[in-house]
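Please open the structure in your viewer and keep the sequence beside it. We will go from the whole chain to one pair of elements, selecting a little at a time.

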Amino acid sequence: MKIEWTETLSVGVTAIDSEHRELFNKIGTLVDAMQAGKGAEEITYSLKFLDEYIETHFTHEENFIDEYYYPGGTTHKLEHDKFRKLFKEIKERLKAEGPSKNLSIQTSSFLGQWWIDHINKVDRELGAFLQKKLP
Ligand SMILES: [Fe+2]
Ligand SMILES: [Fe+2]
C-alpha cells in the first residue's frame, strides 16, 4: 500500500494540510527504508524525524484547539494520545526486535490506516470548525 497524501484528504486549512502532506512523506521514507531492508541505523534515523514531526503537528493542532475553544477538543486530544501510545509500542518493538519484514508491513498498514482515519474524521471536523474561525 502506497502511503501518500492526496487532495481528498484536505481538511480545508492550508497549514494543517501541508503538515499532513509532509507527514505522509516522512511515513513513506520510513516504510521504504524498512521494506528495502535498510539497516537499523537508517531506520532509527527516519523514525526519529517522523516522531518529531508528529509531535510538532499534534502540538500545532492542539494549540488551535485551545486558542479557539474547539468544543471537540478533549476527544481530539485523546485520539492523539492513543496514537502516541500505539506509536511508542512500535518504537519499542523496533528497538527490541530490530527491523523485519513483518514489522515493516505492520507499521506501514497501522500508520497509513491510522492517519487516513484520523484525518478523514477527527481532523476534518476540526478543519470545518477552524475555517469559520481563522482570519
Ligand atoms: Fe488531529
Ligand atoms: Fe492532523
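Begin with the whole chain in a cartoon view, bearing in mind that this is a predicted model: you should find four helices and zero strands, so that reading from the N terminus on, the elements run α-α-α-α. The radius of gyration of the chain is 15 Å, close to the 14 Å that the globule rule gives for 135 residues, and the chain is therefore as compact as a globular protein of that length.

Next, show the C-alpha trace alone and turn it slowly, since along its principal axes it spans about 45 × 25 × 20 Å. If you then consider all 135 residues of the chain, 24% of them count as buried. Among the contacts in the chain with a separation of 6 or more, 70% are between residues 24 or more positions apart.

Now select residues 14–35, which form helix α1, together with residues 101–133, which form helix α4, and look at how their axes come within 10 Å and cross at roughly 175°. Because of that angle, α1 is roughly antiparallel to α4.

Finally, display the side chains where these two helices meet. Which residues of α1 and α4 should you pick? On the α1 side, choose Ile 16, His 20, Leu 23, Ile 27, Val 31, Met 34 and Gln 35, and on the α4 side, choose Ser 104, Thr 107, Ser 108, Leu 111, Trp 115, Ile 119, Asp 123 and Gly 127. Colouring the residues of this contact by character divides them into eight nonpolar, six polar and one charged.

How values were computed: Residues are numbered from 1 along each chain as its sequence is written. Chains are lettered from A and ligands numbered from 1 in the order in which they are written. This is a predicted model: local features need pLDDT of at least 70, side-chain atom pairs count only at pLDDT 80 or more; totals for chains, interfaces and linings use all residues. The radius of gyration is taken over C-alpha atoms; the globule rule is 2.2 Å times the number of residues to the power 0.38. A residue is buried if 20 or more other C-beta atoms lie within 10 Å of its own, exposed if 12 or fewer, and partly exposed in between; C-beta atoms are placed from the backbone. Two residues are in contact if their C-beta atoms, placed from the backbone, lie within 7 Å. Axes are lines fitted to C-alpha atoms, for helices over the stretch in contact, and angles run from 0 to 180 degrees between N-to-C directions. Angles under 35 degrees count as roughly parallel, over 145 as roughly antiparallel, 65 to 115 as roughly perpendicular and the rest as oblique. Ala, Val, Leu, Ile, Met, Phe, Trp, Tyr, Cys and Pro count as nonpolar, Asp, Glu, Lys and Arg as charged, and the others, Gly among them, as polar.
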